[in-house]
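Student: Could we go through a structure together? I would like to ask about a few of its parts.

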Amino acid sequence: MTDIRVDSVSKRYGKHVVLDDINFRIKSGEVVAIIGPSGSGKSTLLRCINYLEPPNSGIIAVGDLQMDCEARPANTDLDRLRRTVGMVFQSFNLFPHLTVLRNVSLAQERVLKRPRKEADERSMELLRRVGLADKSEQYPSRCSGGQQQRIAIARALALDPKAMLFDEPTSALDPELGLEVLTVMRELAETGMTMIVVTHEMRFAENVSDRVIVMADGRIIEHGESAAIMRSPQTARTQQFLHAVRDR
Amino acid sequence: MIDTLSFWREWLPLLLEGLKVSVEVAFASIPIGIFLGLVFALGIQSKSKPLQALTVFVVELGRGTPVLILLQFAYFGLPSAGLALSSYAAAVAALAASTGAYTSEIIRAGLEAVPYGQKEAAIAIGLSRRDQLRDIILPQGLRIAVPPLLGFSILVFQGTSLGFAIALPELISRAYFVGSNTFHYMPIFVLAGLLFAAICVPATLLVSRLEKRLSRYTAS
């Protein structure tokens, strides 16, 4: 079972507090959306979970791996963490000098030490799953944004992670291309993947995710079942934010 | 005019021998120099402060010293330290050292031009620091650095003419020899210049074409 536990996690840049005492738990197979205004610390929180940004204090636990944020992380723990948790970025960050297939295969060969042929077979399987098997020999620059993001999802899935983090995966895409990415994510959720999604897609937050976490100013201001929060938010700040998003 | 042509025809074989030496020295010192440049560039980005400081010192020394002095140091200076080099080896050593110092900055700039998201993506898929560098940063960074590196290589080729100062029998030494024997300095140096240009001009054109082709697969 790969539950995720975030215990009193804080992150500061100098004196500026970006995350202030964040606590939550996610059960294996749950899909959680993190919403909130820009600068509220959503992305930083996500990046703290896989230690792209090491937090200053608190505990991050993924499955039976526990990271004490005040200690210097051991390399073996970091390796395990990144193998267990896949990450998808807002700007895709595919490797432009590698073909689509190599993008997906690289980590399997380097990290899992899979032979190239086996890695490529697995990559093709993942590319089929995101509907892009026919692009395997292309370079990323030849793919649309939506396709690139789906390839990025396949790349993150290549290490067979137990959980996936999505950092505003559709924000750089026009609505139509965003939709194809959301469809892939919805399918992934249906397979029982544990997912944390920072997003401005309120429909996705309401319909696909089980729970919603609302952040503002580095804190969690509201946290609960999706339908409840999206329909009847309790705090004034959440109400204001949801109005702003919906009135657009 | 006819006189000049027949004069050129008479001495062209000698100059071509010189050109051959220039090309050989350039082809030996450029790869060594660029390899040194890569080592220096990685040294400057090293996490170890002493290594970083040492590399910065070496690079600044190499960039701050005129190549002519490096050449004379390698040829006339090193023997007093017990290392006597032929003019050929001294020229290669000095040009490689200078190339290393200059290209380290070109390579460093190339590596730094790789968007940070590339490194983050590499970290996120669990690549070790070594693999991040080998598979993601170096291939993209060096690709960015290739056109300026080739441009610099053309300058190194021209720099072989400084070998004249340490009796390296390269193109300019030969031209000077011919000039001092025939007193026709002007036409022989024009011919030497034409020979340099015959290599440098096409090389420059090739580099700019390559630059256009390489720009295709870089990250946005």
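Tutor: We shall discuss one residue and then one pair of helices. This is a predicted model, in which local features need pLDDT of at least 70, side-chain atom pairs count only at pLDDT 80 or more, and totals for chains, interfaces and linings use all residues. Residues are numbered from 1 along each chain as its sequence is written, chains are lettered from A and ligands numbered from 1 in the order in which they are written, and side-chain values use heavy atoms, with hydrogens and water left out.

Student: Where is A:Gln234 placed?

Tutor: A:Gln234 lies in the loop between α8 (226-231) and α9 (236-246) of chain A; helices here are DSSP runs (H or I, at least four residues), numbered from the N terminus.

Student: Is A:Gln234 buried or exposed?

Tutor: A:Gln234 counts as exposed because its relative accessibility is 63%; exposed means over 50%, buried under 20%, and partly exposed in between, with a 1.4 Å probe and protein chains only.

Student: What does A:Gln234 touch, residues up to four places away in sequence aside?

Tutor: A:Gln234 touches A:Glu222 and A:Gln239, where contact means heavy atoms within 4.5 Å.

Student: Now the helices: at what angle do α3 and α5 of chain A pack?

Tutor: Helix α3 (residues 100-110) and helix α5 (residues 145-157) of chain A pack at about 25°, with axes 8 Å apart. They are therefore roughly parallel to each other, a label for angles under 35 degrees.

Student: Which residues meet there?

Tutor: A:Val100, A:Asn103 and A:Val104 in α3(A) meet A:Ile151, A:Ala154 and A:Arg155 in α5(A).

Definitions and conventions
Helices (H or I, at least four residues) and strands (E, at least two) are DSSP runs, numbered from the N terminus. Axes are lines fitted to C-alpha atoms, for helices over the stretch in contact, and angles run from 0 to 180 degrees between N-to-C directions. Angles under 35 degrees count as roughly parallel, over 145 as roughly antiparallel, 65 to 115 as roughly perpendicular and the rest as oblique.
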